[in-house]
Amino acid sequence: MDLKKELSGLPESGIVLITSPAEEITKTNMDILRIITGGGIRGVYITVNHPYKTLIKHLERNGIDPDNFFFIDCITKTAGGRAERADNCLFIASPNSLTELGIALTQAIQMIPGDEKFIFMDTLSTLLIYNSAGTTAKFSHFLITRIKLLGLKGIFMSVENELDERLLSQIEQFCDKCIHIS
Amino acid sequence: MIDSLSALSAAFIDKDKYRLYLKILFDSLNRKNSVNFVIIESRQDLGFHSEANIAEFLSDGVIVLYNIRKDQVRERALEILKLRCSSHVMETIPFKITYKGIEIFPQERVF
C-alpha cells in the first residue's frame, strides 16, 4: 500500500483512522510520521504506548526530527517513571485521565506555531485497556469533533482487531478516511 | 466568606432551628452591599448536594465542586447548579488548582 498516496488525498481538516497489525504498528507509525513531517507540518503527538524519553530516541533513530512535535505523554507517570520537565511535552497522570488529556491537547495545539497542524494519536486501541468502550467512543468523538472545528488534520492509530466491531464502526463513522494495513 | 456552614450546623440539634438560623443569616447577608460566599460540605454525588438544601434555595448562586475518582486518579470538576438572573453553562466543567490559582476549562468536558 502506498501510504503517501493515501494520506496525500486528505482534506485540510481530515481525520484518518489507520489500523495495523500489532507487529507492524511501530514501523507504520514511523512511516506515517515521516510522510507528514516531510511536508513541513508540525503537530501534537499523543503517546499512550511509548514514554516520551523512549519515543524521542525512537524518532531520532528513524530520522524524524522530534522538534516537529509537541508531545502529550499519557504513560510515563502510570509506569512510575520520572516525568522530568520538558519544554515540548505535557505529562498526563494516566491514560484514563481523559479529561486531563483533553485539556492538555488544547494547550499543546496552542504551543505549535502556524495554522497547519496535525494531531497524531498512538494508539486508540491502548485507551481501551484503561477505559470502557463507551468512554473511549465518547472521547474519540469529542476529540475528532474538536480537531475538525479547529481545522486540523487528525491521524488515529489502532492495532488491528483490538477495537471491537461496534466501537470500530462507531469511530469509523466519525472519520473521513479509514486505512486498514494488513 | 463563611467557612463553613457545615461546621456551624454542628451547634444545632434541632433541624428546624438550624433552618430558621439559615433564613436569618441569609436575610442579614442580603442586606449587605457585598458578594458573600458560603461554603457547605457536599456529598460527592452528582444528584445530591447538601444536607440542608434550604441554603441552596436561599442562595442566589450555587457552585458545586467535585473531586471525581476514576480508578487510580482523581479529576476536579465544577457545576453551576444555579445562578439567579443569569444564563450559565449547564455542563459539568473540569478545573485545576495550579500555581496560578484556579483554572477553569469551559470548553472541555469531563469523561
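**Strands, a helix and a shared core**

In chain A, strand β1 (residues 15–20) runs parallel to β6(A), and the two are joined over 6 bridges. This comes from a predicted model. Within that pairing, Leu17(A) has Phe156(A) of β6(A) as its bridge partner. Strand β6(A) also pairs with strand β5 (residues 117–122) of chain A, again in the parallel sense, this time over 4 bridges. Here Phe156(A) turns up once more, standing opposite Met121(A). As for its surroundings, β6 (residues 153–159) of chain A has 6 of its 7 residues buried, so the strand is largely enclosed by the rest of the structure.

Next comes the nonpolar interior. In soluble globular proteins, nonpolar side chains tend to be buried together. The largest nonpolar core in this model counts 55 residues, and Val44(A), Ile46(A), Ile72(A) and Ile155(A) have the most contacts inside it. The biggest giver to this core is helix α4 (residues 98–111) of chain A, which puts in 6 residues. Setting aside residues up to four places away in sequence, Val44(A) touches a good list of partners, among them Phe69(A), Phe70(A), Ile72(A), Leu105(A) and Ala108(A).

Helix α4(A) deserves a look of its own. With 14 residues at 1.5 Å each, α4(A) should span 20 Å, and its end C-alpha atoms do sit 20 Å apart, so the two agree. Buried residues of α4(A) include Leu98(A), Leu101(A), Ile103(A), Leu105(A) and Ala108(A), along with Thr99(A) and Glu100(A). What do the buried residues of α4(A) pack against? In chain A they meet β2 (42–47), β3 (69–73), β4 (89–91) and α6 (133–149), and in chain B they meet β4 and β5 (93–98).

That leads over to chain B. Strand β4 (residues 73–83) of chain B holds Arg74(B). Arg74(B) is exposed, because 12 other C-beta atoms lie within 10 Å, and 12 or fewer is the cut-off for that label. Apart from neighbours within four places in sequence, Arg74(B) is in contact with Asn67(B), Ile68(B) and Arg69(B).

On a wider view, chain B splits into domain 1 (1–59) and domain 2 (60–111). The centres of domain 1 and domain 2 of chain B, taken over C-alpha atoms, are 21 Å apart. Where these domains of chain B touch, domain 1 supplies 5 residues and domain 2 supplies 8 residues. Sorted by class, the domain 1 side of this contact in chain B has 4 polar residues, 1 charged residue and no nonpolar ones.

Definitions and conventions:
Residues are numbered from 1 along each chain as its sequence is written. Chains are lettered from A and ligands numbered from 1 in the order in which they are written. This is a predicted model: local features need pLDDT of at least 70, side-chain atom pairs count only at pLDDT 80 or more; totals for chains, interfaces and linings use all residues. A residue is buried if 20 or more other C-beta atoms lie within 10 Å of its own, exposed if 12 or fewer, and partly exposed in between; C-beta atoms are placed from the backbone. Two residues are in contact if their C-beta atoms, placed from the backbone, lie within 7 Å. Domain bounds come from an automatic or database domain assignment. Ala, Val, Leu, Ile, Met, Phe, Trp, Tyr, Cys and Pro count as nonpolar, Asp, Glu, Lys and Arg as charged, and the others, Gly among them, as polar. A nonpolar core is a set of buried Ala, Val, Leu, Ile, Met, Phe, Trp, Tyr and Cys residues joined through C-beta atoms within 7 Å. Two strands pair if DSSP finds at least two bridges between them. The expected span of a helix is 1.5 Å times one less than its number of residues.
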